[in-house]
Amino acid sequence: MATFFMAKSTPRSSNIGSSSASPIVKLADDHLFTIMLLLPVDSLISFAMTCKRFRSLTTSDTLWESICRREWGSTSVDAFKSSINTNNNQQLPWMRLYKQVSQLDSFSCHKLPDPNSDLMLPTPRASHSLNFVSDCLVLFGGGREGGRDLDDTWVAYIGKDFQRMLKWQKVTSGIPSGRFGHTCAVIGENLVLFGGINDRGMRQNDTWVGQVVLSENLGITTLSWRLLDVSSVAPPPRGAHAACCIDKRTMVIHGGIGLYGLRLGDTWILELSENFCSGTWIELVAHPSPPPRSGHTLTCIEGTGTVLFGGRGLGYDVLHDVWLLQASEDQLKWVQMLYNLQDIPEGVSLPRVGHSATLILGGRLLIYGGEDSQRHRKGDFWVLDVRKIPSIKVQSTPLNSRGLQANMWRRLKAKGYKPNCRSFHRACADHSGRRLYVFGGMVDSLLHPAEASELRFDGELFLVKFELETGAVRC
């Protein structure tokens with residue numbers, strides 16, 4: 001990437017008027033623009049260095065906004081544009097923003113809300129769900145002290161602007177029934193919840209749809225939950241599985257802990273009706289596929305695929321493998337992305353279970369926390385960028401390029417507030433991908449922090465924020 005941002009050196013001259021010139025120089029600018037939108041960034045760099053005309057075209061702000069949409073997703077770009085100050089009709093410098101995002105190596109951390117606040121707050125918990133939907137944070141369920149489950153739903157309105165003080169409202173309880181280790185995915189303006197484990201150890205396989213309803217003054221009126229009609233076919237009961245939305249009306253789940261404590265390795269697809277009143281579960285049988293596990297993550301990256309990372313395997317070992325679920329010839333297939341831990345700086349700390357993996361600005365995953373095989377909690381932040389691999393395909397041997405692996409994984413530095421190391425917390429990002437909210441989880445005991453068996457449930461909410469310079473505005 002550094003090569004690109006040195007591309008303002010004097011380009012090689014080109015005699016465009018020569019009869020021997022390449023046919024491409026005879027194309028109109030709008031045709032060239034269409035071609036450039038299809039090029040990888042590295043190829044665009046080379047294109048810019050051929051002549052002054054091409055260099056001028058490749059610095060177009062319109063071009064770079066389109067590239068950001070291609071690589072970050074339109075939802076993220078639109079949310080980013082609405083979240084920054086664009087007074088005085090200042091145009092966003094998209095090429096510079098692309099550079100900043102590609103080179104981000106740190107973030108700021110803030111505790112929310114004020115610890116001296118008298119506001120009503122959710123109780124400490126772990127293995128709950130936390131989602132950003134309809135400009136709100138929605139928290140449901142989880143486990144608490146004594147192995148008891150929770151059945152409460154909490155909502156905090158955030159809106160379009162950043163707020164340091166959040167007001168939680170408890171909007172419902174009892175529906176769905178209490179559980180922990182469930183999943184809850186955002187699909188459009190809806191939440192789709194599946195499975196989980198109750199405090200009697202019973203695994204669930206029910207599917208629920210939730211929707212936030214806001215009043216005119218932006219006060220929360222209700223969050224309605226209803227059981228989804230999925231006929232007679234459903235995945236086996238489970239908890240500690242992983243799930244995410246992969247399309248406008250499609251969700252995928254994988255693995256988890258089933259009956260008798262057996263770890264599962266199956267993949268199921270939920271196709272929802274247009275009005276979200278019913279759905280159809282279909283098992284995806286594919287070879288190869290990720291081995292059985294629990295406590296792992298699934299995260300969808302627009303235009304790339306769905307990334308599976310980590311978890312605990314059959315032998316109680318903690319995993320660090322990366323799999324990609326993507327469409328190939330109108331079929332979904334699993335592809336393993338092999339790499340060597342020893343070739344990644346500090347890579348020995350990557351294996352983990354009970355972590356979070358959240359899509360952030362730039363189309364990358366931010367992986368936080370979790371625990372190792374000795375149940376030592378982690379507090380590190382890693383960025384995983386699967387698009388650093390030029391050709392995503394089934395690999396029979398680990399990647400050979402150490403530089404490529406270093407680019408695929410990068411550890412970030414935290415500034416400001418330092419939260420406790422934790423596992424089985426939950427995290428979600430706003431639509432721009434610049435603000436990540438983290439709540440709860442298991443943290444070290446205050447009395448015996450060095451003992452892995454001494455755990456406590458946490459009720460802390462904190463914000464991870466990526467700072468960017470946009471002209472005269474720091475946001």
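**Exercise 1. Work out what covers the buried residues of helix α2, and where on the helix those residues sit.**

Start with the cover: α1 (29-36), α3 (52-58), α4 (61-72) and α6 (94-102) are among the elements over the buried residues of α2, with contact meaning heavy atoms within 4.5 Å. Helices (H or I, at least four residues) and strands (E, at least two) are DSSP runs, numbered from the N terminus.

Next, list the residues. In α2 (residues 41-48), Val41, Leu44, Ile45, Phe47 and Ala48 are buried, that is, under 20% relative accessible area (1.4 Å probe, protein chains only). Now look down the axis of α2: its buried residues fall within an arc of 165 degrees, so they line one face of the helix. That arc is taken from the directions from the helix axis to the C-beta atoms.

A quick note on the model: it's predicted, with local features needing pLDDT of at least 70, side-chain atom pairs counting only at pLDDT 80 or more, and totals for chains, interfaces and linings using all residues. Numbering runs from 1 along each chain as its sequence is written, and side-chain values use heavy atoms, leaving out hydrogens and water.

**Exercise 2. Lay out the four-stranded sheet and find its edges.**

First, the order: β18-β19-β20-β21, an open sheet with antiparallel pairing. Two strands pair if DSSP finds at least two bridges between them.

Then the edges: β18 (356-360) and β21 (409-411) each have a single partner strand, so one side of each lacks a neighbour in the sheet.

Finally, zoom in on one pair. β20 (residues 381-384) joins β21 through three antiparallel bridges, and Trp382 sits opposite Arg411 in β21.

Terms used:
Buried < 20%, exposed > 50% of the residue type's maximum accessible area, 1.4 Å probe, protein only.
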